[in-house]
Amino acid sequence: MITQGKNIIREKGAKEFSILFAGDFCVGSETTLELLKSGKVSGIVKNIKPLFDSTDINVLQWETVCGMEGEPIRKSGPNLHNPEFCMDFAKALGIDVTLLANNHTGDFGPGMALVTRDRLEAAGFKTVGIGKDIPDARKPLIIEQNGLKIAILNFCENEFGTAKVNAAGTNPYGVVAIANSIREAKKTADFVVLTMHGGHEYNPYPSPRMTEEFRFYASCGANLIFNCHTHCPEGMEVVDGVPVVYSPGNFFFTKDKEMGGSPEADRVWRSGYIPKFYCDENGVYAFEITPYIFTPSDITPLSGAEKDGFIAYINKISAPIADAALLKKYFDGWSYQRGFLGYLNSIRQGLPENELAQEDVSYGTEYYAVRNIFTCESHNDMIRNTMRIIEEKRLDECKAVYQENIIPNMTFDF
């Protein structure tokens with residue numbers, strides 16, 4: 001049960017540091033761009049800044065290309081880029097580390113991916129999760145804090161923009177690679193942080209595969225596991241003393257258009273939580289979460305009844321994570337809606353009929369959606385589960401689960 005204030009896991013050790021994680025950052029609102037361009041960033045961050053000022057290490061998921069040059073790559077989903085002055089947002093908050101392994105850093109090609117890294121580092125930020133090739137992208141970020149050596153690893157699922165053997169990009173997800181990276185980092189580091197970018201967008205629950213793999217990473221030696229990408233809050237758990245955050249929701253991902261065409265969906269897009277961890281030489285000994293809501297012009301911590309309601313919601317969606325059968329049931333419901341009604345239609349529309357062997361095929365946008373279904377771990381996970389549901393003739397059952405159990409938890413009840 002997550003409570004307000006510090007959630008104590010065990011007694012603290014002799015050497016201490018604190019670290020917090022802010023979720024996805026990207027500026028897509030003209031209002032926000034104008035505020036940042038005119039130097040009014042302090043007004044955006046003033047309400048949330050005290051939390052960042054109180055923490056030793058502040059980590060931000062930077063989910064956009066830094067700069068407006070380059071040509072967009074062919075992919076499914078939007079190509080995101082922000083002007084360089086958007087770095088002022090991270091500077092004003094006192095961000096120390098920017099996570100770059102995600103599905104948008106490579107949106108304007110390998111060259112701009114490296115330019116993004118270089119510009120962030122030139123501005124004073126540490127970066128992780130990107131490189132000139134796979135070995136380079138795999139390198140951990142090492143930070144010395146209060147006499148402890150901290151290794152931060154950053155991986156993303158295999159959507160678009162990942163590094164190749166001979167090409168720049170982000171650090172691609174792989175169970176063996178992640179396990180080996182944790183074990184290797186553990187040889188020299190006192191504390192290993194595993195950060196990842198993946199999951200099912202808008203689903204309030206992680207998949208059974210994700211919980212199984214993340215718990216395995218804890219057993220490999222990760223002291224703390226943080227994941228984001230879903231654009232909605234998901235729950236968290238503590239596995240043998242190792243906190244696992246499945247998604248905190250967007251941190252500051254501004255848009256002028258209301259998400260989902262409804263105030264309820266828009267509120268989920270604009271709400272989330274910042275997890276702060278109190279750490280020592282033995283791992284994490286305590287944590288707390290700070291719920292917030294943002295608009296294009298500010299980020300405000302929740303208080304009073306709204307804060308109580310958000311924490312109650314996080315506890316509600318965290319509970320099934322510990323119940324394997326219930327989590328599988330919910331994933332089946334999600335697979336009906338997104339897999340059966342969505343992915344299968346994409347496959348039918350996107351695959352060329354008789355051209356797969358031709359080298360000069362000009363693949364359309366629909367093809368890249370299909371490619372993503374089969375190469376991204378979470379998408380592939382869902383299509384495989386969907387095919388099993390069809391074979392087992394459980395579509396009606398899973399449809400009912402989606403309508404009765406998933407939809408009510410896709411919006412906040414406060």
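Is the crossing of H7 and H8 left-handed or right-handed? In this predicted model, the two helices cross in the right-handed sense, and they make a convenient place to begin. Helix H7 covers residues 175-186 and helix H8 covers residues 208-220, and the two pack with their axes 9 Å apart at an angle of about 25°. Because angles under 35 degrees count as roughly parallel, H7 is described as roughly parallel to H8.

From the helices we can turn to a sheet. Here 6 strands form an open sheet with mixed pairing, and their order across the sheet is E9-E10-E12-E13-E15-E14. The edges are held by strand E9, residues 141-145, and strand E14, residues 236-239, each of which pairs on one side only. Neighbouring strands of this sheet are turned against each other by 15° on average, with direction ignored. At the E9 edge, the partner is strand E10, which spans residues 148-156, and the two strands pair in the antiparallel sense over 5 bridges. Within this pairing, Gln 145 stands opposite Leu 148 in E10.

The other edge strand, E14, leads to a pocket. The second largest pocket, which holds about 230 Å³ of space, is lined by 14 residues, and those closest to its centre are Met 1, Ile 2, Met 236, Glu 237 and Ser 318. Strand E1 (7-8), E14 and helix H10 (304-318) each supply at least two residues of this lining, and the largest share, 3 residues, comes from E14. By residue class, the lining of the second largest pocket divides into 10 nonpolar, 3 polar and 1 charged.

The largest pocket remains to be described, and its volume is about 710 Å³. Its lining is made up of 33 residues, and Gly 77, Pro 78, Glu 201, Tyr 202 and His 379 lie nearest its centre. Strands and helices both take part, since the elements that give two or more residues to this lining are strand E2 (16-28), strand E5 (81-82), strand E16 (252-255), helix H11 (324-350), helix H12 (365-375) and helix H13 (377-391). Of these, H11 gives the most to the lining of the largest pocket, with 5 residues. The lining residues of the largest pocket divide into 12 nonpolar, 17 polar and 4 charged.

Terms used: Residues are numbered from 1 along each chain as its sequence is written. This is a predicted model: local features need pLDDT of at least 70, side-chain atom pairs count only at pLDDT 80 or more; totals for chains, interfaces and linings use all residues. Side-chain values use heavy atoms; hydrogens and water are left out. Two strands pair if DSSP finds at least two bridges between them. Helices (H or I, at least four residues) and strands (E, at least two) are DSSP runs, numbered from the N terminus. Axes are lines fitted to C-alpha atoms, for helices over the stretch in contact, and angles run from 0 to 180 degrees between N-to-C directions. On a 1 Å grid over the protein atoms alone, a cavity is a set of points where a 1.4 Å probe fits but cannot get out, and a pocket is an open set with protein on both sides within 12 Å along at least five of seven lines; lining residues have an atom within 4 Å of a point. Grid points are joined across faces, edges and corners, and a volume is the space filled by probe spheres set on the points. Ala, Val, Leu, Ile, Met, Phe, Trp, Tyr, Cys and Pro count as nonpolar, Asp, Glu, Lys and Arg as charged, and the others, Gly among them, as polar. Angles under 35 degrees count as roughly parallel, over 145 as roughly antiparallel, 65 to 115 as roughly perpendicular and the rest as oblique. A crossing is left-handed if the near helix is turned anticlockwise from the far one by less than a right angle, and right-handed if clockwise.
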